[in-house]
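Subject: Structure handover

Hi,

Here's the structure I promised to pass on. Have a look at it first, and my notes follow below.

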Amino acid sequence: MQVIDDDLVDALTILGLSRKEATVLAYLLLKGSATAREIMADLSIHQPQLYNIMVSLERKGFINVQQSKPKVYAPISMGVIMEMIEGEMLKRKQAVVKALTSLTRGDKARNLLWVTRGIDNVIYNSASLIQEANSELYVSAPPVLLSRLLKYMSSIDPKVKAYILVYPSLNDELLNELKGIKSVVEVKVNRLGPFYFISPNAESCVFASSRVSLLREPETYGYVFRDRTMTLQFIHGFFDTWRRAQTVYRRGFKPSDYPLVFNSHRFATWEILKAKESKLSIEVRVKGYLTSSNEEVDVTGIPLNVTIDSDIVNFELLPSNGNKALLIGGTNALIEDIESEYIEIRLMNQ
């Protein structure tokens, strides 16, 4: 049995690998490459278990597979893995510092990022995230990939609000299929897509460049982020294209659809604007933090002026207690009074 250095295995588990996965990757790093038979013999791993390990390592982007007979497995470069470990260690250090300096806002879950290789794996990870949606779903995709996601989108709770951006074009057949999904609120089309993007609840996402998503080659790749801050940054870019894109379908909200809950400040602001344009009487609840003091706040009031442009997305809120209007921003708000993390739109007297 091959002896693998425990310190190397421990270092690799930092990247989110199980100990078995880390052991196999450490073996490949030391050996250079190997067949499944060699790995099973040297590490005393049974075939069914090894199969699951190799599929997982390939999906996460840690190994390459030579399609020979027998298949040969090789790790990605040691330099890349070292950079990933250093990056993960830096993120952990930053997370600890953040938790110590702001205990009320410390993240409960460790942030994760991994590479997903191959278009099928991009779709697989996208489908997994779609099924997590319980409040919002944001999708930016070309038709050929979007069509593969429809069955997963059809199975989510109709209460979920799905916003779809299609690029570079959209045919009538696919549009009619989207109209048949109860959760779809609005569909837009834009010749230039910002990127391939799937995000449930503005908490996590799958990302790939628009060029990669259009090529559809077997070796295409994307990224999976289990990180709220990074996901919201992608949503900012998604929204900037969204607001300028052509609307091809939008369904109106019924009274029974309210309250509308958003983790994305930008799309909450979008729906506040739409409600005001429709002359609806609404009130808005905002939970977040005062930008001046970092104090936690929970305020309800009437939305006033709404601003949506390439630089600024925010709205004014007149609190129910009659105090002065507050300016509501999103993540990393600077000029606003409140950095919001949760927005709820209700019909008056609901």
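Before the hairpins, one term: two strands count as paired if DSSP finds at least two bridges between them. Also keep in mind that this is a predicted model.

**The strands**

With that in hand, β14 and β15 form a hairpin, with four residues between them. The two strands run antiparallel and are joined by six bridges, with β15 covering residues 313-319. If you want a spot to click on, go to P303, whose bridge partner in β15 is L317.

β14 has a partner on the other side of the sequence too. Strand β13 (residues 282-290) pairs with β14 (residues 296-308), again in the antiparallel sense and over six bridges. Here R285 is the residue to pick, as it stands opposite T300 in β14. This pair is a hairpin as well, with five residues between the strands. Check the turn while you're there: N294 has a positive phi of about 70 degrees.

**The second largest pocket**

Next, the second largest pocket, with a volume of about 370 Å³. Its lining is made up of 15 residues, and those nearest the centre are A36, Y51, M54, K71 and Y73. Two elements give two or more residues to that lining, namely α3 (36-43) and α4 (47-59). Which of the elements gives the most to the lining of this pocket? That would be α4, with six residues. Sorted by class, the lining has nine nonpolar residues, three polar ones and three charged ones.

**The cavity**

I also looked for enclosed space. How many cavities of 30 Å³ or more are there? The count comes to one, and about 60 Å³ of space lies in it. The residues that line this cavity are L232, I235, H236, N263, S264, H265, R266, G330, T331 and S340. The elements giving two or more residues to the lining are α10 (228-244) and α11 (265-277). The largest share comes from α10, which supplies three residues. By class, the cavity lining has seven polar residues, two nonpolar and one charged.

If you only have a few minutes, I'd start with β14, which forms a hairpin with β13 and another with β15. After that, turn to α4 for the pocket and α10 for the cavity.

Shout if anything looks odd on your screen.

Cheers

Methods. Residues are numbered from 1 along each chain as its sequence is written. This is a predicted model: local features need pLDDT of at least 70, side-chain atom pairs count only at pLDDT 80 or more; totals for chains, interfaces and linings use all residues. Side-chain values use heavy atoms; hydrogens and water are left out. On a 1 Å grid over the protein atoms alone, a cavity is a set of points where a 1.4 Å probe fits but cannot get out, and a pocket is an open set with protein on both sides within 12 Å along at least five of seven lines; lining residues have an atom within 4 Å of a point. Grid points are joined across faces, edges and corners, and a volume is the space filled by probe spheres set on the points. Ala, Val, Leu, Ile, Met, Phe, Trp, Tyr, Cys and Pro count as nonpolar, Asp, Glu, Lys and Arg as charged, and the others, Gly among them, as polar.
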